[in-house]
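Student: I have a structure to go through. Please tie each label to its cut-off.

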Amino acid sequence: MTGPSSRPPSPPFAEALAAGPVVLDGGLSNQLEADGHDLGDTLWSARLLAEEPDAVLRAHLAYYEAGAQVALTASYQATFEGFARRGTGPEEAAGLLRRSVALAREAAARAQAGGVTGPLYVAASVGPYGAMLADGSEYRGRYGLSVDALERFHRPRLEVLAAARPDVLALETVPDADEAQALLRAVRGLGVPAYLSFSVAGDRTRAGQPLAEAFAGAADADEVIAVGVNCCAPDDADRAVEIAARVTGKPVVVYPNSGETWDATARAWLGSPAFPADRVAGWVAAGARLIGGCCRVGPDTIAELAAALGR
């Protein structure tokens, strides 16, 4: 790792959003796969935190160099329970969670040393309970668990990630308003801001709740500095941005998939990529302040988004 940077500290993430828009990165997994790494594993990209951390660093660096101002860590599918199934104890698992933040920080330092200008940020990815199950239930929600049980699941991982001091906790791809409630409880008192992002279908969460109701739960949460959607069809993002801004009054985060469709049974992407970089102006006008891509969106598209936003 590099030593302390001589650059002035970046402004707090909430301030960056207020001055926004800010460019988020694209899909970490597809960048790792493009670099030749097999992610056919229940831990997905989190496996590389232990086995090939330099690969994760290079993927982050590719996005920073493409124009992303924020990198999402490789902790989306990293949980104590998931690591335990692979024989990794809690202390080592906590170390890997911390490493996910450190790798993104190191990538930011290298990008700036290589000439990338402006503040660069790290968002610690916190995926839903269904991501740990690795059976596609993250796109359905309704796990049969209470809000209390979901809070107990999420809190330990959030505590470790928060202690690693990312700029923001990314509560992402949340399919269910009940799980969002659990996450909002779990981030209280951690001392790190968070954003809450739902996975949606049409104007509803994946579990079927109206988006307006789902977003309303975050409106008064002081820890949550932005709300929005990710891992959804680009068409679904248009309406969701407007709803999120209207219901919460907070900056909106939006990072849809490429336009292809994930078949969880076949574990394959179907269709042709059609990520709409030309929609960026509309999202900004509707209240979006953190904009990027999710599955199947790579550095080339992020470079287009950055250019469209004048970054």
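Student: What makes S4 and strand S5 (residues 194–198) a pair, and in which sense do they run?

Tutor: This is a predicted model, in which local features need pLDDT of at least 70, side-chain atom pairs count only at pLDDT 80 or more, and totals for chains, interfaces and linings use all residues. Residues are numbered from 1 along each chain as its sequence is written, and side-chain values use heavy atoms, with hydrogens and water left out. Two strands pair if DSSP finds at least two bridges between them. S4 and S5 have four bridges, in the parallel sense, so they count as a pair. Leu-171 stands opposite Leu-196 in S5.

Student: What makes the crossover from S4 to S5 right-handed?

Tutor: The chain leaves S4, passes through helix H9 (residues 177–186) and reaches S5 in a right-handed β-α-β crossover. The term applies if, with the strands pointing away from the viewer, the path from the first strand over the helix to the second runs clockwise. Helices (H or I, at least four residues) and strands (E, at least two) are DSSP runs, numbered from the N terminus.

Student: Why is strand S4 called mostly covered?

Tutor: Buried means under 20% relative accessible area, exposed over 50%, partly exposed in between (1.4 Å probe, protein chains only). Seven of the seven residues of S4 (residues 168–174) are buried.

Student: Which strand pairs with S4 over four bridges, besides S5?

Tutor: Strand S3 (residues 121–126) does, in the parallel sense. Ala-123 stands opposite Val-168 in S4.

Student: What is the strand order of the open sheet, and which strands are at its edges?

Tutor: The eight strands run S1-S12-S9-S8-S5-S4-S3-S2, with parallel pairing. S1 and strand S2 (70–72) are the edge strands, as each pairs on one side only. Two bridges join S1 to S12. Val-23 stands opposite Ile-291 in S12.

Student: What makes Asp-148 and Arg-185 a salt bridge?

Tutor: A salt bridge is a side-chain nitrogen of Lys or Arg within 4 Å of a carboxyl oxygen of Asp or Glu. The N to O distance here is 2.5 Å, so the pair qualifies. The partners lie in distant parts of the chain, Asp-148 in helix H8 and Arg-185 in helix H9, 37 residues apart. The whole structure holds 13 salt bridges.

Student: How do you know whether Asp-148 and Arg-185 are buried or exposed?

Tutor: Neither label fits. Asp-148 has a relative accessible area of 40%, so it is partly exposed. Arg-185 is at 23%, so it is partly exposed too.

Student: Which other residue forms a salt bridge with Arg-185?

Tutor: Glu-151 does, at 3.4 Å from N to O. Glu-151 is in helix H8 and Arg-185 in helix H9, so the pair ties together parts 34 residues apart in sequence.

Student: How far apart in sequence are Arg-246 and Glu-242?

Tutor: They are four residues apart in helix H11 (residues 234–248), about one turn of the helix. Their closest N and O atoms are 3.0 Å apart, in a salt bridge.

Student: What is notable about the phi of Arg-142?

Tutor: Phi is near 55°, a positive value in a residue other than glycine. Arg-142 lies in the loop between helix H7 (129–133) and helix H8 (147–163). Its relative accessibility is 48%, so Arg-142 counts as partly exposed.

Student: Why is the peptide bond from Gly-20 to Pro-21 worth a look?

Tutor: That bond is cis, with omega near 5°. Pro-21 sits in the loop between helix H1 (13–19) and strand S1 (22–23).
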